[in-house]
Amino acid sequence: MILPASITFPTNTWIWISIGFLGVLFVSLIWTYNRAKVIRPGNSGAFILKLLGILILMACLIEPLWSGKRAKPGANLFTVIADNSSGMNIIDKGTDKPRSVMLRKVVDVNDSKWLDTLEGFFQVRKYTFDSRLKRSIDFSELAFDGKASSIGMTLRTIATRYSNRPLAGIILLTDGNATDMADQPFDSTNIPPVYPVVIGSSKTQKDISLSNVAVTQSPFEDAPVTIQVDVAASGYSGDTINVDLLDNTNKLAERKTLNIGQDEQKKVVDFRLKPEENGILFYHINVSDNSGSDDDESKIKTFSEATMVNNQQTFVVDRGGGPYRILYVTGRPNWEYKFLRRAVADDEQIELTALVRVARREPKFNWIGRPGEDTNPLYRGFGNEDDENAEQYDQPVLIRLNPEDETELRDGFPISAEDLYKFHAIILDDVESEFFTTPQMTLIRKFVSERGGGFMMLGGKESFQQGQFDDTAIGQILPLYLDKLPERPSTGLMHVDLSREGWLQPWARLRDNEIDEKRRLSEMPAFKVLNRLDSVKPGASVVAYISNEYSQEFPAVVVQRFGNGRTAALTIGDIWRWGMKDTQKHDDMDKFWRQTLRWLVADVPEKITIEASEKSEQINQPVMLRVNVRDKEFEPMDNVSVSIEVFDPQGDQTILKAEPLLTETGIFEAAYIPRTNGGYLAKTIVKDSEDNEIGNAETGWAAELDALEFKSIKTNRPLLEKIAQQTGGKVIEIDDLESFVRDLPRKDVPVSETWTKPLWDMPWVSQIIFIFVLLCFVGEWALRRWKGIP
């Protein structure tokens, strides 16, 4: 606000002398005109003009003063802040130079004199800012390589730093694209007037950009990884652009070409990917204009983009380390295990271990053994010659298939958490509840709820209610209530169809489109064995139904979350019929088993895990690396040392030491601040108190430090106007900067001084007064002559 000036009169003796003299002249003037009989209606104009001229002459004797307030030179501070972010390298439409060149010209003392004018009245403090605020001497430090434009943080820092000092205002040189004010209101408390100077134009050069890369992983075998990305094109109407998916060696994996029909257009692009490798993988997406052909160079058109920084993004795919171990337990040899084993035989991520019972605990007939022999002669010749290790008559006869070592499962189903928690999932098929002891069934429930493992029951002859699992710990984790339904005569021909939930589950589908999937379902063979259950527990989801000739529907595949793990029920008892019709059906059945087992072990935690989480999208904010350490029984461990090796996109290594959390046992954390764009790999190594390695794990994340900076490339004038309005400033155009600075001393500032000067010392005032008095007297004389007054 410009401070107004005013006229004042000094309180001295000249005022009274002038008033007295004016009174004498006024009386004398009236007496003279009255004597001449001039003062009468129609002749008062001459009298008024002469009186006015005398009054003005008398005012000159009083010596009026012209006074006001202005900023006291050198007493106030003023800050000038220049944007050093990489967003200033954007080229606007209608120019071939970036905004950074425009900003350099504004702060160049050789081209602009406004800084010298400002320094003549204020103590000027110069700063540059990007993700941090930095002091500058002459703005020669501007490199325009900052990864953020933290306007809100910059203004709050200035307000705090100069809170007890006479800061008159802030000149903010920026394009207004703040990276820290998108989701929060601007707090103008204690911030002095801000005068933004908009650098750049709202009309940008043509540009294409990538944003919002989303990665979804599923057990779907044909394309387990789905990538979705938003592509925005500005100024490319009628052109085509290429969106390329590159692997970690920058080899082209897939390309999609988009036709742009509008000047401003956004499109969503999907990629489906089947990585050949396991572990942490980094992929890249590039976008570029397809304006010409390499085969016809004469037709190539070259376009100048506003920026190329937003044309690429990196993302991470975690395909796991594997193998994931699954324990299959069955009460008798069957075809289900045969086909299941064959389906996953070539799958490097699935390792199937089986415990098959070939005889029950009590024999159905007497074996004719040797005199004095207590062991089961069925196992004679298998190497268990001593009575302690040989199978007894009162024990079931079990066969172990694909155990980890010769001791695993030697005593049957595990009785300790250490032995059972080696596995990632458990499958029970055609085995009754009496096969397990009560502690073993409780251990299975803890395996799911606490360890986070997967559990699945198949629909064998002695599963579900036939196996009397109701009122047991295993029955508690099943997604179905084991209520027995009344029998109804049936031909035994039943057909499977996906539920609405099943269509949404990638692992439940075997085709990549709806038409082919419906055709596959319609051609599936009929099944004859079913555990008839229809009571689904709250929170469980029916993935597939099976219906009989009476159009009765029963749940065929039901899943649910249980504690930290997941459980599933497959109520069909003869899935093997699926693979008996032809080769295609057999391949479909194998694919179903592989996808189901991968879903069952997905997200099952290891003893040692590491995850990376960003506290904020802002630059210079740390990525928190959290390591969870558990022992063989998956109990938290504290007496260990945890180190983390971080490899940046260039392959440089940084070693961090993770510290234990005080609020939670078994959790260790370390912070890492990424400095460049690209993929980061973190490996953790855990050692015990004797420096022996317990285990390791790895994770990865992608840092896109420029993502927020280039989310919008247009100048954000509305934001700058909002900041100016809330702080009492105003937006200044570059061409008006010089005149604005000249007017600054007359604005309201913390420290001001009163200036005073005689009104008559102002040349233009004295000239106007002289001309006005002269006109008054000449006018009075002319009126008298015109009226014929002596």
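This report walks through the overall build, the salt bridges and the surface patches of a predicted protein model.

## Overall build

Let's start with the whole chain. The protein has 790 residues, and 47% of them count as buried. Its secondary structure comprises 15 helices and 31 strands.

Much of the contact map joins distant stretches of sequence. Among contacts with a separation of 6 or more, 73% are between residues 24 or more positions apart. One pair to look up in your viewer is threonine 756 and lysine 69: they sit 687 residues apart in sequence, yet their C-alpha atoms are 8.9 Å apart in space. Threonine 756 belongs to strand β31, which covers residues 752–758. Its relative accessibility is 49%, so threonine 756 counts as partly exposed, the cut-off for exposed being over 50%.

## Salt bridges with a buried partner

Side chains of opposite charge can pair when their charged atoms come close. In this model there are 27 salt bridges, and a few are worth a visit.

Arginine 99 pairs with aspartate 92, with 2.8 Å between the closest N and O atoms. Are these two partners buried or exposed? Arginine 99 is buried, at 0% relative accessibility, and aspartate 92 is buried too, with a relative accessible area of 3%. Both values fall below the 20% cut-off, which is why the two residues are classed this way.

Lysine 134 and aspartate 130 form another salt bridge, and here the closest N and O atoms are 3.1 Å apart. In this pair the aspartate is buried, at 5% relative accessibility, whereas lysine 134 is partly exposed, with a relative accessible area of 30%.

## A partly exposed pair and a network

Now move on to glutamate 733 and arginine 717, whose side chains meet in a salt bridge at 2.5 Å, N to O. Glutamate 733 is in the loop between α13 (717–727) and α14 (737–743), while arginine 717 is in helix α13, so the bridge ties together parts that are 16 residues apart in sequence. Both ends are partly exposed: glutamate 733 has 34% relative accessibility, and arginine 717 has 29%.

Some salt bridges also share partners. Arg325, Glu351, Glu404, Glu408 and Lys422 are joined in this way into one network.

## The surface and its patches

Turning to the outside, the protein exposes about 40,500 Å², and carbon and sulfur atoms supply 49% of that area. Two patches, one charged and one nonpolar, make good places to stop.

The charged patch is negative and brings together Asp470, Asp471, Asp483 and Asp534 on the surface. Where in the fold does aspartate 534 lie? You will find aspartate 534 in the loop between α11 (514–523) and β21 (541–547). This residue is partly exposed, with a relative accessible area of 41%. Patch residues need over 30% relative accessible area and no salt bridge, so aspartate 534 clears the area cut-off.

The nonpolar patch spans about 510 Å² and is made by Phe770, Ile771, Leu774, Leu775 and Val778. One of its members, leucine 775, lies in helix α15, which runs over residues 763–787. Leucine 775 has a relative accessible area of 55%, so it counts as exposed, being over the 50% cut-off.

Methods:
Residues are numbered from 1 along each chain as its sequence is written. This is a predicted model: local features need pLDDT of at least 70, side-chain atom pairs count only at pLDDT 80 or more; totals for chains, interfaces and linings use all residues. Side-chain values use heavy atoms; hydrogens and water are left out. Patches are made of residues with over 30% relative accessible area and no salt bridge: like charges are joined within 9 Å, nonpolar side chains (Val, Leu, Ile, Met, Phe, Trp, Tyr) within 5 Å. Accessible areas come from the Shrake-Rupley method with a 1.4 Å probe; for residues, only the protein chains shown count as cover. A salt bridge is a side-chain nitrogen of Lys or Arg within 4 Å of a carboxyl oxygen of Asp or Glu. Lys and Arg count as positive and Asp and Glu as negative; His and the chain ends are not counted. The place of a charge is taken as NZ of Lys, CZ of Arg, CG of Asp or CD of Glu. Helices (H or I, at least four residues) and strands (E, at least two) are DSSP runs, numbered from the N terminus. Buried means under 20% relative accessible area, exposed over 50%, partly exposed in between (1.4 Å probe, protein chains only). Contact means heavy atoms within 4.5 Å.
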